[in-house]
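Here are a few short exercises on strand pairing and helix packing. Have a go at each one with the structure open, then check the worked solution.

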Amino acid sequence: MKRILILLGLAALGLALAQKPKVVIGTGSTGGVFFYYGTALADILNKAGVAEAQPVQTGGSYDNLQLLRDRTGGGTYYCALTTTDSAYVAYTGEEPRFKDKPAKSQRVLFYMYPSFIHLVTTERTGIKVVQDLKGKRVSTGQPGSSTENLALLVLQGAGVKPESFAKRERLPVAEGAKALAEGTLDAFFWVGGVPTSSIVELSQTLARKGDRIYLVPIDPKSTTAQVAMKKFPGLVDPYTVPKSVYNTRTDVPGLATGNIVVCPDTLPAEAGYAIMKAVFDNLDTLRTAVAAAKDTSLEATAKLFGRLPIPFHPGAERYLKEKGLIK
């Protein structure tokens, strides 16, 4: 009898180990890098057999963090693609939507890539600096998104109020690019990976019309940049977009925030480890699917260890230790 109970117990343990965790990956709007990155990530996890992964289209970082905080449970784990600044203010409760219930359950898995603060216009608009947005039709990004929050921070640093616009829109990147191409918008903000497909397509569309894309530069030494970097010390850094990316006339200096994958603390340590192994064993596949993933690396992930107030997931920590990147 005892032997039967032991066998039954071992069988139950084997079944539990064989069951894959259900992981829902919050991505972003169509046309943005989050959407493609999250879709490719889910595909890798499914093919590796480490999870039943499903990507979901969302409004971006804050939506994803809310899903992680509120929807995780019942054997389903909501993981989030998020900018580091969004993860930070959601964790500390500085973001209004997380003031009463901070996203303390998030745990860092790995670093994805930097997101450039794009301020996109065309050469024909005559917009050369942030202050030129006054009297123009401008989109500051989807309501409550990381794009909108950083856009407003840039505008604050430049001394420009949204009320000074001729018209303010709050569009996702694909719609902003379409409106700019059609001439119903003068400029739009977008915080995303380099390159962002919607902006690459916009550059090609403008070229066919005899116009050219123009990314408004932000000098890292300017007051505009300093305001943003002071708000998020160590999380917003100088970044230059090479002219070859969007066919701009020159390289464009500006600012970028990082992007990370976070999962809930309830995700089993073994599952977190298995996800890390699947991703970094198939890094070439991810980089082929998403150009921005060229910056996804264990080294970049290790640099975040101890830099963020958000703890790392135990599975990720174990994996990094095994690779000799953290102690």
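**Exercise 1.** Work out in which sense strands E1 and E3 pair, and over how many bridges.

*Solution.* Start with the stretches in this predicted model: E1 covers residues 22-26, and its pairing with E3 is parallel, with 5 bridges. For a landmark, look at Val24, which sits opposite Tyr78 in E3.

Next, turn to E10, residues 252-264. Here E3 pairs in the antiparallel sense, over 4 bridges. Thr83 has Asn259 in E10 as its bridge partner.

**Exercise 2.** Are the residues of E3 buried or exposed, and which ones point which way?

*Solution.* First, the count: E3 spans residues 76-83, and 8 of its 8 residues are buried. Then split the strand by direction. Thr76, Tyr78, Ala80 and Thr82 point one way, while Tyr77, Cys79, Leu81 and Thr83 point the other. Both sets are buried.

**Exercise 3.** Describe how helices H10 and H13 cross, and what their contact is made of.

*Solution.* Two numbers do the job here: packed helices are described by the angle between their axes and the distance between those axes.

- Distance and angle: the axes of H10 (residues 269-281) and H13 (residues 314-322) come within 6 Å and cross at roughly 50°.
- Class: angles from 65 to 115 degrees would be roughly perpendicular and those under 35 roughly parallel, so H10 and H13 are oblique to each other.
- Hand: H10 passes H13 in a right-handed crossing.
- Residues: on the H10 side, Tyr273, Met276 and Phe280 are among those in contact, and the H13 side includes Pro314, Arg318 and Tyr319.
- Make-up: the contact has 7 nonpolar, 2 polar and 5 charged residues.

Definitions and conventions: Residues numbered from 1 in each chain as written. Predicted model: local features only at pLDDT ≥ 70, side-chain atom pairs only at ≥ 80, totals over all residues. Heavy atoms only, no water. Buried < 20%, exposed > 50% of the residue type's maximum accessible area, 1.4 Å probe, protein only. Helix = DSSP H or I, 4+ residues; strand = E, 2+ residues; numbered from the N terminus. Pairing = 2+ DSSP bridges. Axes fitted to C-alpha atoms, helices over the stretch in contact; angles between N-to-C directions. Parallel < 35°, antiparallel > 145°, perpendicular 65-115°, else oblique. Left-handed = near helix turned anticlockwise from the far one by under 90°. Contact = heavy atoms within 4.5 Å. Nonpolar A, V, L, I, M, F, W, Y, C, P; charged D, E, K, R; others polar.
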